[in-house]
Amino acid sequence: MPQLITTVDGVEIHRTYLTRVRTTLGRRPDNHIVLTDLAVSGEHCVFELSGLSDVVVIDSGSTNGTYISGAMVKMHLLSDEDVISIGRFKIQYFSANELTDEGKTVSMTLSGGLAPAATSGAMHASLKMLTGSSAGLEIPVSKAVSTFGQPGIALIAIAHRRQGYFISCLEAQQIPKLNGKAISDEPVQLVDRDVIELAGSALEFLLKA
């Protein structure tokens with residue numbers, strides 16, 4: 001299954017499996033992939049899936065452009081491991097899900113009873129970058145289970161349950177920390193303004209009504 005891995009400053013913020021014929025990316029919340037940064041247009045680009053794994057990226061008339069290998073593209077048939085640049089974001093395309101056989105997808109790894117998110121509730125969560133060139137950028141935590149970090153180095157999961165948001169560690173060559181304490185594979189509930197140290201970056205967990 002084709003997938004897109006979005007990173008900012010080397011930290012993975014989205015992993016999207018391309019199962020739809022048309023997957024949109026942009027700043028507006030109605031996109032399938034939402035990147036809340038002013039460099040990203042309301043609907044910035046579209047990924048169109050043909051057959052099992054042929055994916056074309058089409059720029060949607062964005063203000064700042066869609067780039068592959070430093071060249072602006074309007075329409076481009078993606079090759080395995082192509083990297084798309086949009087502002088500060090890097091989006092790497094993989095024609096197949098290489099992690100499935102190793103059991104490292106989120107649905108397999110989180111076998112410790114993390115419940116799916118409740119569909120109701122007024123609070124919305126995000127992670128705010130505190131360090132690096134992307135300091136100040138807020139990343140929505142909008143899925144039932146979201147993963148962040150660098151596979152093979154440090155990878156965490158944030159799960160949305162009825163009781164709130166819970167963080168746990170998936171991989172820890174470099175141990176991630178929550179408010180200065182190591183994060184283990186045992187889920188811990190997050191509260192507003194918690195600080196997460198992950199793969200050399202610091203992020204602040206925010207809850208907003």
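R22 is partly exposed in the predicted model, with a relative accessibility of 41%. This arginine lies in strand 3, which spans residues 22-26. Its side chain forms a salt bridge with E43, and the closest N and O atoms of the two residues are 3.5 Å apart. E43 sits in the loop between strand 4 (33-34) and strand 5 (45-50). The two partners are 21 residues apart, and the pair links distant parts of the chain. The relative accessible area of E43 is 22%, so this glutamate counts as partly exposed; the value falls in the class because buried residues have to be under 20%.

The pair of R22 and E43 belongs to a set of seven salt bridges counted in the model. Side chains of opposite charge can pair when their charged atoms come close. Another of these bridges joins the side chains of D30 and R28, with an N to O distance of 3.2 Å. D30 is exposed, at 56% relative accessibility, whereas R28 is partly exposed, at 39%.

A further salt bridge is formed by D192 and R193, for which the closest N and O atoms are 3.9 Å apart. In this pair the arginine is exposed, R193 having a relative accessibility of 52%. D192 has a value of 37% and is therefore assigned to the partly exposed class. Both residues also take part in a network of salt bridges that includes E204.

A polar contact involving a buried side chain was found at Q3. This glutamine lies in strand 1, which covers residues 3-8. The relative accessible area of Q3 is 2%, so the residue counts as buried. The side chain of Q3 is joined to that of R15 by a polar contact of 3.2 Å.

Two cysteines were examined for burial. C45 has a relative accessibility of 0% and is therefore buried. C169 is also in the buried class, because its relative accessibility is 11%. The count of disulfides in the model is zero.

At the level of the whole chain, the secondary structure consists of one helix and 21 strands. The chain has 209 residues, of which 45% count as buried. About 10,300 Å² of the protein chain is exposed, and carbon and sulfur atoms supply 52% of this area. Contacts between residues at least 6 apart in sequence were also classified by separation: 41% of them join residues at least 24 apart.

Confidence in the prediction was assessed along the chain. The mean pLDDT of the protein chain is 83, and 86% of its residues reach 70 or more. Over residues 97-121, however, the pLDDT is below 50. In the model this stretch has 36 contacts beyond near neighbours in sequence. Where pLDDT is low, the predicted coordinates should not be read in detail.

Key:
Residues are numbered from 1 along each chain as its sequence is written. This is a predicted model: local features need pLDDT of at least 70, side-chain atom pairs count only at pLDDT 80 or more; totals for chains, interfaces and linings use all residues. Side-chain values use heavy atoms; hydrogens and water are left out. Helices (H or I, at least four residues) and strands (E, at least two) are DSSP runs, numbered from the N terminus. Buried means under 20% relative accessible area, exposed over 50%, partly exposed in between (1.4 Å probe, protein chains only). A polar contact is a pair of N or O atoms within 3.5 Å; within protein, one must be able to donate a hydrogen and the other to accept it, and residues adjacent in sequence count only if both atoms are side-chain atoms. A disulfide is a pair of cysteine sulfur atoms within 2.5 Å. pLDDT is the predictor's confidence in each residue, from 0 to 100. Contact means heavy atoms within 4.5 Å. A salt bridge is a side-chain nitrogen of Lys or Arg within 4 Å of a carboxyl oxygen of Asp or Glu. Accessible areas come from the Shrake-Rupley method with a 1.4 Å probe; for residues, only the protein chains shown count as cover.
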